[in-house]
Amino acid sequence: MPIHLDDPADPRLADYLHLTDVALRRRLEPERGIYLAESEKVIRRALAAGHVLRSLLMAPRWLVELADVVEDAEEDGCPVFVGGPDVIAALTGFHLHRGALAAMQRPALPALADVLAGARRVVVVEDVVDHTNVGAIFRSCAALDVDAVLVTPRCADPLYRRAVRVSMGTVFQVPWTRVDPWPGSIAQLQAEGFTVAALALDDAAVSLDTLAADPPERLALVVGTEGDGLSQRTIRGADLVVQIPMSGGVDSLNVAAACAVAAWALRTR
């Protein structure tokens, strides 16, 4: 049976505490081996990907909307917590407009070689710290036939709640892992047969149109952090630098938008 809440300090709800404290959650979630999935669609995509549920937290109406998920959770012995909006807001720090949250076991990250196996198009996300941008990059990669995503050690967590939500759960369907050391791992990508293209403003850059006209069989596209772009070490280690031709006096796009444009131009299907 669902567990009806009236005390936001209930110790069984520890996974859901302080969700608006980004710095705290970035530390706690990996330490506990969990992540949070928010909204019906994202929860269903996490479960469809084979991720393991710890518990559910929802407003009463979602007992109907997610009846099958609730039934499966209770059969597996996972608690289903139900509370009014004020109790949930006091617990999490925000009003749960999307109705439901799930605490999920964080899956182990695969080895780089396993992620690259069979891949033709890979995006490397270097030090992008905004979770919204990370989520948007994953959504574009899923939509535009990118086979895998690699994130560098200082990149934001793709399984942070905001990143997962913005990705619409596509972070669960695109193979990904962290690549460390970086940019030292460029050599490993090249050894696997990838041409490494750095998306950056550079006098020696080739146009995206030129690269797309005769693309390599295996290509790793590296996109950089919001403020400074790619590091000079990364640019020097890449096989080539590529830039998107633009007009209107604009020299660059938001990193997520730039990634989407490049992924579309270089798609293989």
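**Exercise 1. The main core.** Which residues have the most contacts inside the largest nonpolar core, and how many residues does that core have?

*Solution.*
- Start with the source: this is a predicted model.
- Count the core. The largest nonpolar core has 57 residues.
- Pick out its best-connected members. L56, M58, V125, I137 and V223 have the most contacts inside it.
- Ask which element gives the largest share. That is α12, with eight residues.
- Zoom in on I137. Leaving aside residues up to four places away in sequence, I137 touches V123, V125, V223, V255, A256 and C259.
- Look for a further core. Another one, of 23 residues, lies apart and includes L112, V115, L116 and I186.

**Exercise 2. The sheet.** Work out the strand order of the seven-stranded open sheet, then place the helices that pack on it.

*Solution.*
- Read off the order: β8-β7-β6-β11-β9-β12-β10, with parallel pairing.
- Find the edges. β8 (176–178) and β10 (206–207) each pair on one side only.
- Take one pair. β6 (residues 121–125) and β7 (residues 148–151) run parallel and share four bridges. Here V125 stands opposite V151 in β7.
- Add helix α7 (residues 131–143). It packs on the sheet and touches β6, β7, β8 and β11 (219–223). The direction of α7 makes about 175° with that of β6.
- Add helix α12 (residues 255–266). It lies across β6, β9 (195–199) and β11, at about 165° to β11.

**Exercise 3. One face of a helix.** Identify the buried residues of α4 and explain why they lie on the same side of the helix.

*Solution.*
- List them. In α4 (residues 67–75), V69, V70 and A73 are buried, meaning under 20% relative accessible area.
- Check the arc. These residues cover only 100° around the axis, so they sit on the same side of α4.
- Recall the general rule. An α-helix has 3.6 residues a turn, so residues three or four places apart point the same way.
- Name the cover. It includes α2 (40–48), β3 (53–58), α3 (62–65) and β4 (80–82).
- Step past the helix end. Just after α4, G77 takes a positive phi of about 80°.

**Exercise 4. The whole chain.** Compare the radius of gyration of the protein with that of a compact globule of 269 residues.

*Solution.*
- Set the expectation: near 18 Å for a compact globule of 269 residues.
- Compare. The protein has 20 Å, which agrees.
- Add the box. The C-alpha atoms fill roughly 65 × 40 × 30 Å along the principal axes.
- Add burial. Buried residues make up 49% of the 269.
- Finish with the elements: 12 helices and 12 strands.

Note on methods
Residues numbered from 1 in each chain as written. Predicted model: local features only at pLDDT ≥ 70, side-chain atom pairs only at ≥ 80, totals over all residues. Heavy atoms only, no water. Buried < 20%, exposed > 50% of the residue type's maximum accessible area, 1.4 Å probe, protein only. Helix = DSSP H or I, 4+ residues; strand = E, 2+ residues; numbered from the N terminus. Arc of directions from axis to C-beta. Contact = heavy atoms within 4.5 Å. Pairing = 2+ DSSP bridges. Axes fitted to C-alpha atoms, helices over the stretch in contact; angles between N-to-C directions. Core = buried A, V, L, I, M, F, W, Y, C linked by side-chain atoms within 4.5 Å. Rg over C-alpha atoms; globule rule 2.2 N^0.38 Å.
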